[in-house]
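Let's work through a few exercises together, each with a task and a solution in steps. Keep the sequence and the 3D view open as you go.

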Amino acid sequence: MTSYEQIFENNRKWIAEKKATDASFFEKIARDQRPDYLYIGCSDSRVTAEEIMGVQPGEVFVHRNVANLVNSTDLNVMAVLNYGVRHLSVKHIIVCGHYNCGGVKAAMQAQDLGILNPWLRNIRDVYRLHRNELNAITDEPARYNRLVELNVQEQCVNVIKLASVQQAYNDHGYPIVHGWVFDMHTGLLIDLKLDFAHILHDIQEIYRLD
Ligand code: CO
C-alpha cells in the first residue's frame, strides 16, 4: 500500500512527468475546463473514472457515490448534472456501475443498515421494477450482476428525466446518456448500448419537461 508520505512524492514525480511531455500542461489546465464527458460512477476505490477511461485532467467531469445513484432529492448529484449540462455543455453523460458492487450487494440483503437504508432503497426500487426478470434468474451471482446492469439502466433513466438534459438535447442534439458496467475481473468497460433516443421518447409520455 502507498504510505501517506509517498503520496506527496508521487505528486512531485507526476508534476515532473507532465512538464516533461508538455511544458505548459499546468498553464493549460488552469485556464479553463471544457470536458466532453460527465461521468457518474461508484465511490468504490477500484473503479477510478480517469484511469479506466484513459483520459487526462480536463477531459471528464466526475461525480461518484455509493452504487452510482441518481436520486432527484440528492442536491449533490443534481448540482453536478445541472452544471455539467447547462454550463459545461457536456456531449456525453455516462452512468458507470460495476460488478462486485458492495452497495448493490447490500441492497439484496434483508438487513437494517442504518443511514444506508434510505440510500440503498433506490436499488431495492430497481429490483421491484424488474422483479420478474430478476426472480427468474436462479443463479445468485448472475442475478446480482443483472441487478448491477439494471441499476445503471434505471439511473440513466433518472438522468433523462431531467429538464436540463431534455432541453439541451432538444436544442443541440446532446448530451447523449450512456450506461456502462466495469468488470473488475477483466478490466473491461462494457457499454450496455442503451437506446438513448428511444428511452427519452418513451419516458416523455410521463416525464416531459422540455
Ligand atoms: Co460499487
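## Exercise 1: A residue at the surface

At 45% relative accessibility, I7 counts as partly exposed. Bear in mind throughout that this is a predicted model.

**Task.** Find which helix holds I7, and which residues form a nonpolar patch with I7 on the surface.

**Solution.**
1. Start with the helix: I7 lies in α1, which covers residues 4-21.
2. Check the exposure class. Partly exposed is the class between 20% and 50% relative accessible area, so I7 at 45% belongs there.
3. Now look for the partners. Y4 and F8 join I7 in a nonpolar surface patch, and together the three have about 350 Å² of accessible area.

## Exercise 2: The central strand pairings

**Task.** Work out how β1 is joined to β2 and to β3, and whether β1 is mostly covered or uncovered.

**Solution.**
1. Locate β1 at residues 37-42. Five of its six residues are buried, so the strand is mostly covered, buried meaning under 20% relative accessible area.
2. Turn to β2, residues 60-65: this strand runs parallel to β1, and six bridges join the two. As an example to find on screen, L38 has F61 as its bridge partner in β2.
3. Then take β3, residues 92-98, which also runs parallel to β1 and is joined to β1 by five bridges. Here G41 stands opposite C96.
4. A general point helps when you look at the side chains: in a regular strand they alternate between the two faces of the sheet.

## Exercise 3: Into the nonpolar core

**Task.** Name the residues that touch the most other members of the largest nonpolar core, then trace the contacts of L81 and I93.

**Solution.**
1. The largest core has 44 residues, and those touching the most other members are I40, L81, I93 and V159. Helix α8 (residues 140-160) gives the most to this core, namely nine residues.
2. Leaving out residues up to four places away in sequence, L81 touches L38, I40, V70, I93, V159 and L162.
3. Next comes I93, which is found in β3. Its relative accessible area is 0%, so I93 is buried.
4. With neighbours within four places in sequence set aside, the contacts of I93 include L38, I40, L81, V159 and H178.
5. For a long-range pair, try I93 and I160: they are 67 residues apart in sequence, while their C-alpha atoms are 9.8 Å apart in space.
6. Finally, look for a second, separate core of ten residues; A49, V55, V60 and F182 are among them.

## Exercise 4: Charged pairs

**Task.** How many salt bridges does the model contain, and which residue pairs with D44?

**Solution.**
1. Begin with the principle: side chains of opposite charge can pair when their charged atoms come close.
2. Counting a side-chain nitrogen of Lys or Arg within 4 Å of a carboxyl oxygen of Asp or Glu, you should reach seven salt bridges.
3. The partner of D44 is R46, with the closest N and O atoms 2.7 Å apart. D44 counts as buried at 15% relative accessibility, whereas R46, at 45%, counts as partly exposed.
4. Compare K28 and D22, whose salt bridge has an N to O distance of 2.8 Å. K28 is partly exposed at 43% relative accessibility, and D22 is partly exposed at 22%.
5. Another pair is R208 with D210, at 2.9 Å from N to O.
6. To finish, find E133, R146 and E149, which are linked in a network of salt bridges.

Key
Residues are numbered from 1 along each chain as its sequence is written. This is a predicted model: local features need pLDDT of at least 70, side-chain atom pairs count only at pLDDT 80 or more; totals for chains, interfaces and linings use all residues. Side-chain values use heavy atoms; hydrogens and water are left out. Patches are made of residues with over 30% relative accessible area and no salt bridge: like charges are joined within 9 Å, nonpolar side chains (Val, Leu, Ile, Met, Phe, Trp, Tyr) within 5 Å. Accessible areas come from the Shrake-Rupley method with a 1.4 Å probe; for residues, only the protein chains shown count as cover. Helices (H or I, at least four residues) and strands (E, at least two) are DSSP runs, numbered from the N terminus. Buried means under 20% relative accessible area, exposed over 50%, partly exposed in between (1.4 Å probe, protein chains only). A nonpolar core is a set of buried Ala, Val, Leu, Ile, Met, Phe, Trp, Tyr and Cys residues joined through side-chain atoms within 4.5 Å. Contact means heavy atoms within 4.5 Å. Two strands pair if DSSP finds at least two bridges between them.
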